Amino acid sequence: MSRTIRKKHLLAGLATAGVLGVGIAAPTIAFAADATSTPSASSTTDGPGTKADRQGEFAEALAKELGVSADKVTAALEKVREQRLADRPERPSTEDRQAALKERLDQAVKDGKLTQEQADAITKAVESGVFPGPGGHRGPGGHGGPGGTAGK
């Protein structure tokens with residue numbers, strides 16, 4: 001009989017862990033899909049093998065192939081880059097993302113996928129920065145980890 005009780009406790013624990021895992025993973029994945037990546041300041045600094053070096057080499061090679069000056073190619077690339085940035089949709093505000101999270105969690109509670117306690121725990125975790133989300137930032141750079149290096 002004691003063995004049956006242990007099995008029930010084990011299964012109940014695994015089921016709880018699964019529900020919590022889904023409850024935490026789902027909003028995290030949703031926010032990851034919402035997030036737009038922005039280049040870090042260090043990605044455009046000069047130095048061997050940096051993004052700036054590679055872009056300069058690309059512009060020079062393209063200029064040589066087209067028979068125009070590297071400055072003209074660099075200016076054209078910068079113009080295209082600025083146009084693409086201007087055409088990007090505006091990122092929702094923190095308040096809008098918080099409201100969307102609340103709506104999704106409320107719906108999950110209503111659908112019986114989460115308990116209210118689990119939804120509250122997820123909200124608290126986001127607000128305290130346990131994982132990135134509306135109002136939740138990780139590390140100094142807001143990109144996760146102690147040095148803000150996650151996702152780079």
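# Close-up views of a five-helix chain

**View 1. Glu78 and Arg81 share helix H3 (residues 70-87), where they sit three residues apart, about one turn of the helix.** Before looking further, please keep in mind that this is a predicted model. Here is something to look for: which two side chains of H3 meet in a salt bridge? They are those of Glu78 and Arg81, with 2.6 Å from N to O. Side chains of opposite charge can pair when their charged atoms come close. Now check how open this pair is to its surroundings. Glu78 has a relative accessible area of 34%, so this residue counts as partly exposed. Arg81 is partly exposed as well, since its relative accessibility is 34%.

**View 2. A salt bridge in helix H4 (residues 94-110) joins the side chains of Lys102 and Asp106.** The distance to look for is 3.1 Å, taken from N to O. How far apart are these two residues along the helix? Lys102 and Asp106 are four residues apart in H4, so about one helical turn separates them. The two partners fall into separate exposure classes: Lys102, at a relative accessible area of 51%, is exposed, while Asp106, at 35%, is partly exposed. How many salt bridges does the count give? The total is two, and you have now met the pair Glu78 and Arg81 and the pair Lys102 and Asp106.

**View 3. Helix H5 (residues 116-128) has a buried side and an exposed side.** Start with its length: 13 residues at 1.5 Å a residue should span 18 Å, and the end C-alpha atoms are indeed 18 Å apart, so the expectation and the model agree. Next, find the buried residues of H5, which are Gln118, Ala119, Ile122, Ala125 and Val126. Why do they belong to the same side of the helix? Because they cover an arc of only 125° around the axis of H5. Turn your attention to the other side of H5, and you will meet the exposed residues Glu117, Lys124, Glu127 and Ser128. Just after the helix comes Gly129, whose phi is positive, near 90°.

**View 4. Helices H4 and H5 come within 9 Å of each other, axis to axis.** Their axes cross at roughly 160°. Angles over 145 degrees count as roughly antiparallel, which means that H4 is roughly antiparallel to H5. The crossing of these two helices is right-handed. For one pair of residues to locate, try Gln107 and Ala119: they are 12 residues apart along the chain, and their C-alpha atoms are separated by 10.0 Å. Gln107 belongs to H4 and is partly exposed, since its relative accessibility is 37%. Ala119 is one of the buried residues of H5.

**View 5. Helix H2 (residues 51-66) is followed by Gly67.** H2 has 16 residues, so at 1.5 Å a residue it should span 22 Å; the end C-alpha atoms are 22 Å apart, in agreement. After the helix, Gly67 has a positive phi, near 75°. Within H2, look for Ala59. Is Ala59 buried or exposed? It is buried, because its relative accessibility is 3%.

**View 6. The axes of helices H2 and H3 come within 8 Å of each other.** At what angle do they cross? The answer is roughly 120°, and H2 and H3 are therefore oblique to each other. As for handedness, the crossing of H2 and H3 is right-handed. A pair to find in this view is Ala59 and Thr74, which are 15 residues apart in sequence, with their C-alpha atoms 5.9 Å apart in space. Ala59 is the buried residue of H2 from the previous view.

**View 7. Stepping back, the whole chain holds five helices and zero strands.** Following the sequence, you can read the pattern as α-α-α-α-α. What share of the 152 residues of the chain counts as buried? That share is 16%. Among the buried residues you have already met are Ile122 and Val126 in H5, and Ala59 in H2 is another.

Terms used. Residues numbered from 1 in each chain as written. Predicted model: local features only at pLDDT ≥ 70, side-chain atom pairs only at ≥ 80, totals over all residues. Heavy atoms only, no water. Expected span 1.5 Å × (residues − 1). Buried < 20%, exposed > 50% of the residue type's maximum accessible area, 1.4 Å probe, protein only. Arc of directions from axis to C-beta. Salt bridge = Lys/Arg side-chain N within 4 Å of Asp/Glu carboxyl O. Axes fitted to C-alpha atoms, helices over the stretch in contact; angles between N-to-C directions. Parallel < 35°, antiparallel > 145°, perpendicular 65-115°, else oblique. Left-handed = near helix turned anticlockwise from the far one by under 90°.
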